[in-house]
Amino acid sequence: MQIQDQSRQLPSFHENLKVILLGTGTPRAFQGRAKAGVVVLAGDHTFLVDCGGATVDQLLKAGVMPQRISDIFFTHHHSDHNSGFFDVFISSWRTHVNAHQVFPGRSTPMNVYGPATTQEIIGKMRLAFDFDVNLRINYNLSADEGANINYFESNEGIIYEQKGIKITAFEVDHRPVYPAIAYKFEYNGKAVVISGDTIPVDNMVKYSRGVDLLIHESYNKKWLDALIEKFPDQAASLSNPAKYHSTTHEVAEMARQAGVKHLVLTHHIPAPAETAEAEAEYSIGMQEIYKGPITMGRDLMEFEL
């Protein structure tokens, strides 16, 4: 019997913060760039920030079985940040069995954190797949409690504090998407901020002061301007990122003001090729503003803090 083996599995306990970029893409489809998602591992907890399409596939590639996910943190409710929720919810609930081991499914409610619109939006998603959920309970005998969701809505403040792990939400500005938030994770003397999508805001500097890692979205203004000039009939849609995202130089300035130790770019607009040359061109001028290390995020990159 030849059954696929989930051979690469990350340890169940992490003494320090570990961060994995599941997806560094945007709503536009690019090969090799999954939609938004970040895994944060601390102690014996596994947290998921956003879950765009292909999140479960990316979790498997990262060595994190979806059954480890009981806590999802949404930054906002654009589709590239929440469209993978159905798959994560069901996959984390179902027990996985292969030829070598069993990964027990989630037997407790999914904990869903996010801004004030979260229960309304995710609740509708949950209702939409109620037919499937009922089959899982009554036919597949999945645990009843795993079918439920606990909601925790907050736009600002400490939203999680257990076993030495502190998670703080704070407002950013992604209007017309409102509210939108970012998250700060702290554990064992280390800290990471995950921006979500936003224009430059004072809150980003305030909450990112001295953090070990700032993972921030960005767009390259020069590249976008060139695309608009080349495709004028697409000018309206191509110019939209400038209204509610941050340029590479603006991100560098926030990182400089906050004194972050390491800056990682994600949610690239437009997505550069995964070559040193393309990534250097995308981030040109940033190093003159922010003197610390800058990493162009790629899918499945890992950071140990």
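User: Before we get to cavities, which residues count as nonpolar, charged or polar here?
Analyst: Ala, Val, Leu, Ile, Met, Phe, Trp, Tyr, Cys and Pro count as nonpolar, Asp, Glu, Lys and Arg as charged, and the others, Gly among them, as polar. Keep in mind that this is a predicted model.

User: Fine. How many cavities of 30 Å³ or more turn up in the whole structure?
Analyst: One. The volume of this largest cavity is about 140 Å³.

User: Which residues are closest to its centre?
Analyst: Ala36, Val38, His81, Ile194 and Thr266, out of 18 residues that line the largest cavity.

User: And how does that lining divide by class?
Analyst: The lining of the largest cavity has six nonpolar, nine polar and three charged residues.

User: Which elements give two or more residues to the lining of that cavity?
Analyst: Those are β1 (14-23), β2 (37-43), β13 (213-219) and β14 (263-269). β13 gives the most, with three residues.

User: OK, pockets now. What volume does the largest one have?
Analyst: The largest pocket holds about 360 Å³ of space. It is lined by 21 residues, and the closest to its centre are Thr26, Pro27, Arg28, Pro241 and Ile269.

User: Which elements give two or more residues there?
Analyst: For the largest pocket, they are α2 (79-82), α7 (221-230), α8 (235-239), α9 (241-244) and β14. The largest share is from β14, with three residues.

User: β14 again! So what's the class split in the largest pocket?
Analyst: Its lining divides into nine nonpolar, nine polar and three charged residues. And yes, β14 is also among the elements giving two or more residues to the lining of the largest cavity.

User: What about the second largest pocket, what lines it?
Analyst: Ser12, Asp44, His45, Thr46, Arg68, Ser70, Asp71 and Lys163. The volume of the second largest pocket is about 160 Å³.

User: How many of those are nonpolar, polar and charged?
Analyst: The lining of the second largest pocket has no nonpolar residues, four polar ones and four charged ones.

User: Switching to the outside: which residues make the nonpolar surface patch?
Analyst: Phe131, Leu135 and Tyr139 make a patch of about 420 Å².

User: Where does Tyr139 sit?
Analyst: Tyr139 is in the loop between α5 (130-138) and β8 (149-153).

User: Is Tyr139 buried or exposed, and why do you call it that?
Analyst: Tyr139 is exposed, because its relative accessible area is 70% and exposed means over 50%.

How values were computed
Residues are numbered from 1 along each chain as its sequence is written. This is a predicted model: local features need pLDDT of at least 70, side-chain atom pairs count only at pLDDT 80 or more; totals for chains, interfaces and linings use all residues. Side-chain values use heavy atoms; hydrogens and water are left out. Patches are made of residues with over 30% relative accessible area and no salt bridge: like charges are joined within 9 Å, nonpolar side chains (Val, Leu, Ile, Met, Phe, Trp, Tyr) within 5 Å. Accessible areas come from the Shrake-Rupley method with a 1.4 Å probe; for residues, only the protein chains shown count as cover. A salt bridge is a side-chain nitrogen of Lys or Arg within 4 Å of a carboxyl oxygen of Asp or Glu. Helices (H or I, at least four residues) and strands (E, at least two) are DSSP runs, numbered from the N terminus. Buried means under 20% relative accessible area, exposed over 50%, partly exposed in between (1.4 Å probe, protein chains only). On a 1 Å grid over the protein atoms alone, a cavity is a set of points where a 1.4 Å probe fits but cannot get out, and a pocket is an open set with protein on both sides within 12 Å along at least five of seven lines; lining residues have an atom within 4 Å of a point. Grid points are joined across faces, edges and corners, and a volume is the space filled by probe spheres set on the points.
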